[in-house]
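Colleague: I keep getting lost when people talk about strands and sheets. Could you walk me through how to read them?

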Amino acid sequence: MTNWSMVVDLDKCVACQGCSIACRFENNTPVVSPEEAALGRSILWNDVLPMPINPTEDIGEYPHSRRRYLTRPCMHCENPPCVKVCPVQATYRDEEGIVRQNYDRCIGCRFCTVACPYGVRYFNWETPSWSPEMARHLSPERVVGQGSLEGPAVRPKGVVEKCTFCIHRLQKARARAESEEREFRAEEYTPACVQTCTAKARFFGDMDDVTATASILASSPRAFRVLEDVGTHPKVIYLQEG
Amino acid sequence: MPKKNQPLSRREFLKLSAGVIGATATMGMARGLLTSLEAEEGETYLLQTSTHEEIIPTVCLMCPSGCGMLARVVDGNVVKLEGSPMHPINLGALCPKGQAAPELLYNPDRLAGPLRRVGERGSGEWEPISWSQAIEQVAEKLNGLRDAGHPERAALLYGETRGQMRKFFERFMAAVGSPNTISHDSLNIEAAKLGTLFTQGVYELPNYDLENASYVLSFGANLLEAGRVPERMVAGYSYMRRGRAERGKIVHIDPRQGVTGAKADEWIPIKPGTDAALILAIANVIIKTGQFDSDFVRNYSFGFEDFDDNGRNAVGFKSYVLANFDPRQAENITGVPATTISRIAGEFAGNPPAVAIMPGKGGLLSGNLNGLATAMAINCLNALVGSLEAPGGVLTQRYMPCPDWPDLPSDSIAEAGREAERVDGAGSFFPLGKHAYQAVADRIIEEKTYPVEVLMLYDANPVYEAPGGERFIQAFDKIPFIVSFSTFEDETAQYADLILPEPTFLERWQDDHIEGLGYPGVGLRQPVIEPLLDTMNTGDFLIEVAHAMHAPVSEAFPWEDYKSLLQDRLVDVGTDWETLQELGLWLTPGYRFSRRGNPRWIDEVIGRDRKLSPRDGYFDFYSRELSCLVADLDGDAREAMGAQVSGDAFFLPHYEPVNYEGDEAEFPYMLNVVTLMSLGPYSVAANLPTLQEISGMVVGERWGSWVELNHDLGHELGFEDKDQVWVESPFGKLKTKLRLVEGMRPDVINIPHNQGHKAIGRWAKDRGVNGLEIMNPASEPFTGLASFTNTRVKIYKA
């Protein structure tokens, strides 16, 4: 079975935020109002954050201070705390290692948004809306099945949504391979953030395949995981700068 | 585990099948979908509801990178943009501005069709007109000017445009009979281009082979956020760091750390405006220690050693730099310790290939004459270590071959008009200038030349983007007829008499040359969908205006429309139009380095664009072109114009202290307006809600402006982070939010660019502040460059 995971080389990443916006247009996340955004309610599944988040706490003193930037998708943990707290089993980890969300089941209790140590679960405080013109750029794809309405289809108010590793792209790649009557190859599946990465800093692949670029990089001495000590076993692996 | 949901209803199934049949042609996945519908319980499958899907290549225009794009068009809607993997600038990647471009296309604030003003100027009262009325009216105005014998009274201001469009505008205005085709380059890239012309002899921005460089010195070149071609720089940076066996080193020299300083190996906060002194001190150490490329200096350069100038001993680069720029002297000027300067000089000369990068836009290259001198100094530093036309060094941009434009018809009115002085004073009042965009306002208000009677604005929003742009509103009072081609009702279009909206870049034909890699290439911008609104490509419009005018202007454009003009112009690029359209680009990849001294070196690399001095293949440490251009001005005259060095130093790269506007005691900080990766340089990007939402990532802000001040200094002065403050300069004041940051020189404050709009649309309007409003609106007297970074400010609690 495949075990999808991502590697981000922070030495290459230039914090351009291409990933954030590629994700928005791929997955139809709504723009929230400036007031909501000020309350931290922006829905950017892959946000880019200055580290530490409060700029007055920069590491080091002028002129030796050094700001860092972290691009942060869902970590698709092997031991995801969000799954444990969900009272209705709306969120679950599928057999390929992707932590998914069933919007039909979600009751909007937001336990998971609190439980997630990475803050990558987003609650729809308002009904997502676009003007009639703007609605034309919405991706028409939907994924049905276990996670009904999962994927780009617009979510209703009151549910939690999150990064899916662009699971509809996986479905599409599989369907294409099947239609061409050949084996599906892991390289055919690339999430939108990996595809658009300006610095080619992101790698995606099957961690169980020792020959995959992502799994080779994951064993680099520069590799680390964010908040590894809380026992979530994140599957997004970062490579240190320098 | 949750149970699988109810399978598809019959109705949905049919809908899906219909969709799949349509999609078969492009996606070839019908079988797959149907198969997966019969999948085992617990599996997931994709429901595709589209009937028709296409992928169409085009070229982005959200910044000057010119990245290749693939538009995914589903049922006639652009749902996603991806980078084109074939395009050498972005190699399949796309930055947030490019990704957000569907919000530009589908922006609800776009103008739906041509408008004529009915109320007072600026009142916002318009009536819709037809395109034929618009063509007739513009043609009539231009005919009127020609009939009166004053075709020079027409002027065209344009912003960012590359490819055939620049030459097309020049041709149109030349055919009418006006020399006034004025680019906004004087606000940003002109200093770098002039600096390269006066040394290397090519009127271009230098390109850098970052992929192969071992050591990079970035002088205020914010290459990872807002270089000239940021996408190209990021790709080069990424490869240099981790794409090859040896990781290259970057040193960023800039008062603000920003993303580039944070990602660099070393950040040197230099006193603003003193980069030239640092560069020359580095050159001093390199010369003293003999680490320069002696073959290049001895055989392919002019003015390194002292030389005989008609019996007078002229001072050369070497003796000038040795006498004036000892690292200890430079330490006092720049605030960079002499030991650091010496170390960097050693690293730069000792780690070939090494390259020094100048900013493509703004930053330290505006100010006063210092900007030009700094650009010259950076070129000389690269030449000194032999990095010119060398792997890992500086590349010179080459172009695709194009046929010559047909001769303009013989026309005595136009010929007389073209000889007139330019309204911006470039080439006359500003003897070294090619364009002086921001100077147009003052020169019209003060009636320095003849009156302007017809003003056209293409991608030009001077009221917002020129320092002290409000003066343009005053100048407009003296212009009876103003036409804007803006897609939105922007700050400038508000005061126009006609707004003739151009479609967005996703709906029009245009070409763009591939800039940044040196080798020739052309990208083709094509409509990915039918234009949504009643808009017209400005190229088409001007061709129709020309046709509607009296002969001989009507004969100057033997093309039916702009697309056929492009087909005609791009005939020699090496492929046919169909291939160009299918791929969205064509190029001759691989940079061919010219050997020193061979014919291509002389024709293409050194001296190609020199007009007055010899094209002899010698790089000028002592600028002969510059000395020819100011031959009429003796030392005293130059001093009267503000030059701070006398004699030979003026023609050498030198350091000129910046003349700040504002007394240091009253206004202790220097104001710097920085361009961000998120909002970029173009006004319209501010009306994209997605970009507004991510705009202030560097400090964790969204939807608004802030001012950055050094953290310790802020606390010393009694400020708290996120206080509301006034930022006041001698030219005005602004109220915004204060953010205290560590990565910042204590004598500089930053305001991000592209907020504080007074128009454009619902998301841009009345949000944050525009730092350019309080910057010095003056122009540098020699070059006509906007000299706005010499503004001092004070800051106090609101």
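Modeller: Sure, start with a pair: S10(A) and strand S11 (residues 236–239) of chain A run antiparallel, joined over 2 bridges. Here strands are DSSP runs (E, at least two residues), numbered from the N terminus, and two strands pair if DSSP finds at least two bridges between them. By the way, this is a predicted model: local features need pLDDT of at least 70, side-chain atom pairs count only at pLDDT 80 or more, and totals for chains, interfaces and linings use all residues. Residues are numbered from 1 along each chain as its sequence is written, while chains are lettered from A and ligands numbered from 1 in the order in which they are written.

Colleague: Which residue is the bridge partner of A:Ala223 in S11(A)?

Modeller: That's A:Leu239.

Colleague: And what is the strand order of the open sheet in chain A?

Modeller: Strands of a sheet pair through backbone hydrogen bonds, either parallel or antiparallel. This sheet has 4 strands in the order S9-S1-S11-S10, with mixed pairing. Its edge strands, S9 (202–206) and S10 (223–224) of chain A, each pair on one side only.

Colleague: What about chain B: which strands does S22(B) pair with?

Modeller: S22(B) runs antiparallel to strand S21 (residues 510–513) through 4 bridges, and antiparallel to strand S23 (residues 585–587) through 3 bridges. B:Asp512 has B:Gly523 as its bridge partner, and B:Val522 stands opposite B:Trp586.

Colleague: Which way do the residues of S22(B) point?

Modeller: In a regular strand the side chains alternate between the two faces of the sheet. In S22(B), B:Gly521, B:Gly523 and B:Arg525 point one way, and B:Val522 and B:Leu524 the other.

Colleague: Why is strand S22 of chain B called largely enclosed?

Modeller: Because 5 of its 5 residues (521–525) are buried, meaning 20 or more other C-beta atoms lie within 10 Å of a residue's own, with C-beta atoms placed from the backbone.

Key
Buried ≥ 20, exposed ≤ 12 C-beta atoms within 10 Å, placed from the backbone.
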